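Hello,

As promised, here is the structure for you to look at. My notes on what I found come right after it.

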Amino acid sequence: MTGTIVKNTGSWYVVRTDSGQLFDCKIKGNFRIKGIRSTNPVAVGDHVGIVLQPDGVTALIQSIEDRKNYVIRKASNLSKQSHIIAANVDVALLVVTVAHPETSTTFIDRFLASTEAYRVPVELVFNKIDLLDDDQQRTLEAVIRLYESLGYPCHRISAHTGQGVDQLSSSIRDKVSLLSGNSGVGKSTLLNRLIPDAQVRTAEISAAHDTGQHTTTFSQLFDLPGGGCIIDTPGIKGFGTFDMERAEVSHYFREIFQIGSECRFGDCTHTHEPGCAVLTALDERRIALSRYQSYLSMLEDKDETKYRQGY
């Protein structure tokens with residue numbers, strides 16, 4: 001039998017077969033994906049082959065179909081391994097907030113670079129716009145101008161009031177969408193708006209630190225009422241990029257890659273070399289300082305605590 005992984009609890013996977021049946025599954029033996037050092041060899045969204053066990057209610061995952069793409073990050077406590085967030089997605093929705101809590105542009109840029117590397121289209125969802133004061137509203141518009149200029153679609157929504165959610169829902173109809181972002185940005189509230197029957201647990205923002213608390217503890221696929229599905233994932237504090245060579249980092253920053261083709265040296269790191277077109281563009285403000293700082297942070301890729309710094 002074949003099916004799709006729709007839930008990952010850490011110890012069990014739930015597979016929905018092509019005929020619509022649900023089975024709790026374990027992985028057969030030392031099943032690993034060739035060439036990927038991962039804490040989870042299969043992920044929600046994977047298409048797998050299963051063998052039913054004698055009890056008739058559980059099964060073993062014995063094969064996996066080739067993925068068209070996946071979203072991957074460095075495992076939080078195993079630096080030499082990765083964690084696959086989801087597989088076979090049509091679009092990744094990165095939910096971010098200018099305030100309550102504040103999502104850093106470094107986090108956004110790391111997510112964008114990683115998804116760029118694995119050919120996953122991204123749309124940015126700016127939530128909690130109903131809570132913004134005038135200064136925060138101006139920051140919102142400036143950040144949206146930046147990312148739209150780079151070709152990333154941006155949505156302005158309030159999951160709490162429902163503002164903008166209908167338009168977002170229309171844009172992801174009939175697609176496999178991934179929902180990701182920091183803890184506390186309102187992913188669960190948004191999911192409950194998109195799918196009222198989901199009844200995903202939500203939590204209050206910590207007043208002391210203006211940060212979110214984890215309410216989703218595992219990844220799960222939900223069907224959208226209008227067609228398509230959405231994969232909900234646990235909130236993530238940092239986004240450590242995995243298995244990316246230093247020389248490749250600039251390839252996943254669209255503007256740096258484009259302007260970098262004009263550099264004097266083909267192996268230019270865009271940090272100090274003479275004749276560097278990127279440094280010239282930075283001086284001329286054709287490249288945003290925040291994007292360049294994110295690029296430098298990925299070259300260093302050391303301290304995860306900086307991912308939640310402010311704008």
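What share of the residues in the protein is buried? Buried residues make up 52% of the 311 residues. Please keep in mind that this is a predicted model.

First, the overall picture. The protein has seven helices and 13 strands. Among its contacts with a separation of 6 or more, 65% are between residues 24 or more positions apart. The protein exposes about 14,900 Å², and carbon and sulfur atoms supply 47% of that area.

Next, a pair of strands. Strand β7 runs over residues 82–87 and is mostly covered, with five of its six residues buried. Its pairing with strand β6 (residues 70–74) is antiparallel and involves five bridges. If you want a place to look, find R73: its bridge partner in β7 is H83.

Helix α2 is the part I spent some time on. This helix takes in residues 134–149, and its 16 residues reach 23 Å from the first C-alpha to the last, close to the 22 Å expected at 1.5 Å a residue. Its buried residues are Q136, L140, V143, I144, L146 and Y147. They lie on the same side of α2 because they cover an arc of only 160° around the axis. There is a general point behind such patterns: an α-helix has 3.6 residues a turn, so residues three or four places apart point the same way. On the other side of α2, you will find D134, R138, R145 and S149 exposed.

What do the buried residues of α2 pack against? Their partners are α1 (105–117), β9 (122–126), β10 (154–156) and α7 (289–300).

Both ends of α2 deserve a look too. At its start, a side-chain oxygen of D133 comes to within 3.2 Å of the backbone nitrogen of D135. After the helix comes G151, which has a positive phi, near 95°.

Lastly, helix α7. Its twelve residues should span 16 Å at 1.5 Å a residue, and the end C-alpha atoms are 17 Å apart, which agrees. Buried here are R291, Y292, S294, Y295, S297, M298 and L299. These buried residues of α7 pack against α1 and α2, and also against α5 (254–260) and α6 (277–283). D301 follows α7, and its phi is positive, near 45°.

Happy to go through any of this together at the screen.

Best wishes

Methods. Residues are numbered from 1 along each chain as its sequence is written. This is a predicted model: local features need pLDDT of at least 70, side-chain atom pairs count only at pLDDT 80 or more; totals for chains, interfaces and linings use all residues. Side-chain values use heavy atoms; hydrogens and water are left out. Helices (H or I, at least four residues) and strands (E, at least two) are DSSP runs, numbered from the N terminus. Buried means under 20% relative accessible area, exposed over 50%, partly exposed in between (1.4 Å probe, protein chains only). Contact means heavy atoms within 4.5 Å. Accessible areas come from the Shrake-Rupley method with a 1.4 Å probe; for residues, only the protein chains shown count as cover. Two strands pair if DSSP finds at least two bridges between them. The expected span of a helix is 1.5 Å times one less than its number of residues. The arc is that of the directions from the helix axis to the C-beta atoms. A polar contact is a pair of N or O atoms within 3.5 Å; within protein, one must be able to donate a hydrogen and the other to accept it, and residues adjacent in sequence count only if both atoms are side-chain atoms.
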